[in-house]
Amino acid sequence: MLSFPLDLNAVTFRSGGRRHLFSGASLYLFGIDADTEAVIEAARTAASPEALRAALAGRVPAETVDETIAEIEKLIEAEVLGRFGAPLKPPGRDPGLVGDGVEPTDLWLIVTNSCNLNCAYCFSRAEYMADHVAMTSEIARAGVDRIIALSGAQTDLAIVFFGGEPLLGMPLIREIVAYARTRGAAAGKRFGFAMTTNGVKLTPANRRFLIDERFSVMVSLDGEAAQHDASRPFLSGKGSFATIAPRVRSYVREARAAGLSTSGRTTLNRTHLGHIVDLYRFLDEDMGFTAVSTPIIHEPAPEGFAFRPEDLPALEAELRAVGDLFVERCARDGRAPAWGTITTFLDSLHHRLRPSRGCAAARKAICVDVRGDVYPCERFITARDWILTRTDRDDWAMDRVRALSEIDAVGIYDKCRACEAVWYCKGTCAAERVRYHPPEGPPETTCAIYRALLRVILDVYVRIDRDVVMPPFDPPTAPDARKIAA
C-alpha cells in the first residue's frame with residue numbers, strides 16, 4: 001500500500017506539446033496524459049488518497065485518480081518507479097576486479113609536471129607543478145612494463161600521455177611509443193596512444209609524429225580569443241589563443257585527411273555564461289573537432305570561475321539552446337553529434353544503462369607520475385594517501401583498490417539517492433569524492449547543474465528521431481504500464 005505524500009524519484013516534463021514522466025530510479029521514460037501528470041504532481045504533497053481526490057476534484061475524476069495510483073503502485077513493486085531516498089540496488093561485484101586482482105588496460109604517464117600555460121583553474125597547478133620535474137626514461141619504461149604485467153588476458157592496451165603539457169616531453173614520448181610497440185609485440189599486446197594537450201607545441205614535426213603513430217588527441221581550448229585568453233594565458237600573462245588556434249586548425253585538418261578524429265575540450269565555467277552556444281559552434285564548426293567535451297568546472301574553483309546558485313537559470317537556458325542546436329544537427333546530419341556532455345547520457349538513457357560505479361580508476365586505468373608513484377588516475381596525483389605502488393617496487397596496494405571501488409559506488413551519499421540525476425552524474429568522480437567532497441557529498445550547486453543538464457537531455461531525447469541517430473534498440477516493456485506508458 002502506498003504511503004503519502006507520494007515522493008516519487010521521477011520528474012514530469014513537457015516537450016513539443018507532449019507530457020512525459022522520467023523515472024530517475026530506473027531510467028524508464030513514459031509518455032503520459034494530462035490527468036496522469038496532475039495526479040503525480042498533486043500526490044507529492046497530498047497527505048492521503050482522500051486528500052488527493054479532494055485536491056483534484058473537478059479536474060480529474062476520482063476513478064481516474066484511483067486507477068493511476070494503482071498503476072503507480074504496481075510500477076513501484078516492479079522497481080520501474082522508486083522513491084526519492086530509497087536505497088539503490090547493492091552495487092555488487094565491481095567488474096573491474098578480476099579474481100583477487102585487477103587487469104588494467106590504460107596507462108597514464110605524466111611525462112612532465114611543467115606547463116607553458118598558466119591556466120586559472122588547473123586542478124594541480126599550485127600543488128604539483130611548482131618544481132618542474134620531467135619523467136625519466138627508466139620510470140616511463142617501468143610503467144609500460146607494469147601495465148603489460150598487470151593486464152593479464154587483456155591484449156589491447158593504451159598509453160595516455162599527460163602533464164603538465166606532454167608535448168614538452170616529446171623526446172621521451174617518441175622513445176616510449178617505440179618501446180611500447182616492441183615490448184607489447186613480444187608480450188602479445190597491442191598498444192594505442194592518446195594525448196591531452198594545450199596545443200602550443202603542435203608544431204609541424206609534432207603533428208606529423210602524432211598522425212604517423214595514429215594518436216587520439218584531445219585539445220584543451222576554452223573558446224574564442226577573449227574567453228580562452230582570460231583563463232588559459234601563457235606564463236607571462238600574454239594570451240595564448242593566437243599561437244594555439246592556427247596550429248590546432250592545421251592539426252585537425254591533417255588528422256582528418258589521415259582518417260583520424262580529434263577532440264576539443266573546454267572546462268565549462270562561469271566565464272562562459274552568455275557564450276555557451278557560441279562555444280559549441282566554435283569548437284564544432286570553426287575548429288572542426290570531430291568530438292566536443294565540455295565538463296563542468298567543480299568546486300573548489302578559483303574566484304570568478306565556479307558557477308553560483310544565482311547563475312543556474314541563465315545556465316540552464318543556455319544549455320537548452322545547446323540542446324536545440326543538437327537536435328538541429330541530428331536532423332541535418334542523420335546522426336548525433338559527438339558532444340560528450342549530451343551524448344554520453346543519451347546512450348545510457350536509450351539503453352537504460354545503470355553502472356554500479358562511476359569510473360575505472362585503479363581497476364581499468366593507472367597513472368604513473370613524474371617521480372614513479374603509481375596512482376589510481378591522473379586526478380589523484382596530489383592525493384598521496386592513494387599511491388598504489390612505485391614503478392621500482394613489485395608490491396600492489398590491493399586494499400586501496402578495493403577501498404576505492406567502494407568509494408566509487410553509485411549512491412553512497414543520501415543526497416544522491418534523493419536525486420533524479422543519480423545515473424547521470426553518478427555522484428561525480430572518485431577523485432573528487434576523495435579530495436573535495438564532505439561526508440554528505442557534492443556541493444548543492446554541482447547537483448543543481450547536473451539536474452539542469454538532465455532536463456536538457458530528456459528534452460533532446462524525446463525530440464530527436466532515435467531510429468535515425470541512435471543504434472536500433474527495442475526498449476523493455478514496463479510491467480503493467482499500459483495506462484502510463486505511451
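P5 lies in the segment before strand 1, strands being DSSP runs of E with at least two residues and helices DSSP runs of H or I with at least four residues, both numbered from the N terminus. The peptide bond that leads from F4 into P5 is cis, with omega near -5 degrees. Please keep in mind that this is a predicted model, in which local features need pLDDT of at least 70, side-chain atom pairs count only at pLDDT 80 or more, and totals for chains, interfaces and linings use all residues. Residues are numbered from 1 along each chain as its sequence is written, and side-chain values use heavy atoms, with hydrogens and water left out.

From P5 we move on to the sheet. Strands 1, 2 and 3 form an open sheet in the order 1-2-3, with antiparallel pairing; two strands count as paired if DSSP finds at least two bridges between them. Strand 1 and strand 3 are the edge strands, each pairing on one side only. From one strand to the next, the twist averages 30 degrees. Axes here are lines fitted to C-alpha atoms, for helices over the stretch in contact, and angles run from 0 to 180 degrees between N-to-C directions. Strand 1 and strand 2 are joined by 6 bridges and run antiparallel. Within this pairing, F13 stands opposite H20 of strand 2.

In the loop between strand 2 and strand 3 we find L27. Its phi is near 70 degrees, a positive value in a residue other than glycine. Is L27 buried or exposed? At 2% relative accessibility, L27 counts as buried; the term buried means under 20% relative accessible area, exposed means over 50%, and partly exposed lies in between, using a 1.4 Å probe and protein chains only.

Two helices lie across this sheet. Helix 1 lies across strand 1, strand 2 and strand 3, and runs at about 145 degrees to strand 1. Helix 17 also lies across strand 1, strand 2 and strand 3, running at about 55 degrees to strand 1.

Let us stay with helix 1. It spans residues 34-43, and 7 of its 10 residues are buried, so helix 1 is largely enclosed by the rest of the structure. Which residues of helix 1 are buried? They are T36, E37, A38, V39, I40, A42 and A43. These residues pack against strand 1, strand 2, strand 3, helix 2 (49-56) and helix 3 (62-77), where contact means heavy atoms within 4.5 Å. At the N-terminal end of helix 1, D33 acts as a cap, with a side-chain oxygen 3.3 Å from the backbone nitrogen of D35.

A parallel arrangement appears further along the chain. Strand 7 covers residues 156-162, and 5 of its 7 residues are buried, so the rest of the structure largely encloses this strand. On one pairing, strand 6 (residues 106-110) is joined to strand 7 by 5 bridges, and the two run parallel. There, I159 in strand 7 is the bridge partner of L107. Strand 7 also pairs with strand 8 (residues 190-197) in the parallel sense, over 6 bridges. In that pairing, L157 stands opposite F191 of strand 8. Strand 7, helix 6 (residues 170-186) and strand 8 together make a right-handed β-α-β unit; right-handed means that, with the strands pointing away from the viewer, the path from the first strand over the helix to the second runs clockwise.

I turn now to charged pairs. How many salt bridges does the structure hold? It holds 34, a salt bridge being a side-chain nitrogen of Lys or Arg within 4 Å of a carboxyl oxygen of Asp or Glu. One of them joins R463 and D324, whose closest N and O atoms are 2.8 Å apart. R463 lies in helix 17 (residues 444-463) and D324 in helix 11 (residues 312-333), so this pair ties together parts that are 139 residues apart in sequence. R463 is partly exposed at 35% relative accessible area, and D324 is partly exposed at 33%.

A further salt bridge links D373 and R390, at 3.0 Å from N to O. D373 sits in strand 13 (residues 373-375) and R390 in strand 14 (residues 389-390), 17 residues apart. D373 is buried, with a relative accessible area of 4%, whereas R390 is partly exposed at 22%. In addition, D94, R357, R363, E406 and D408 are linked in a network of salt bridges.

Finally, A362 lies in the loop between helix 12 (340-351) and strand 12 (365-368). A362 is not a glycine, yet has a positive phi of about 75 degrees. At 0% relative accessibility, A362 counts as buried.

Methods:
A polar contact is a pair of N or O atoms within 3.5 Å; within protein, one must be able to donate a hydrogen and the other to accept it, and residues adjacent in sequence count only if both atoms are side-chain atoms.
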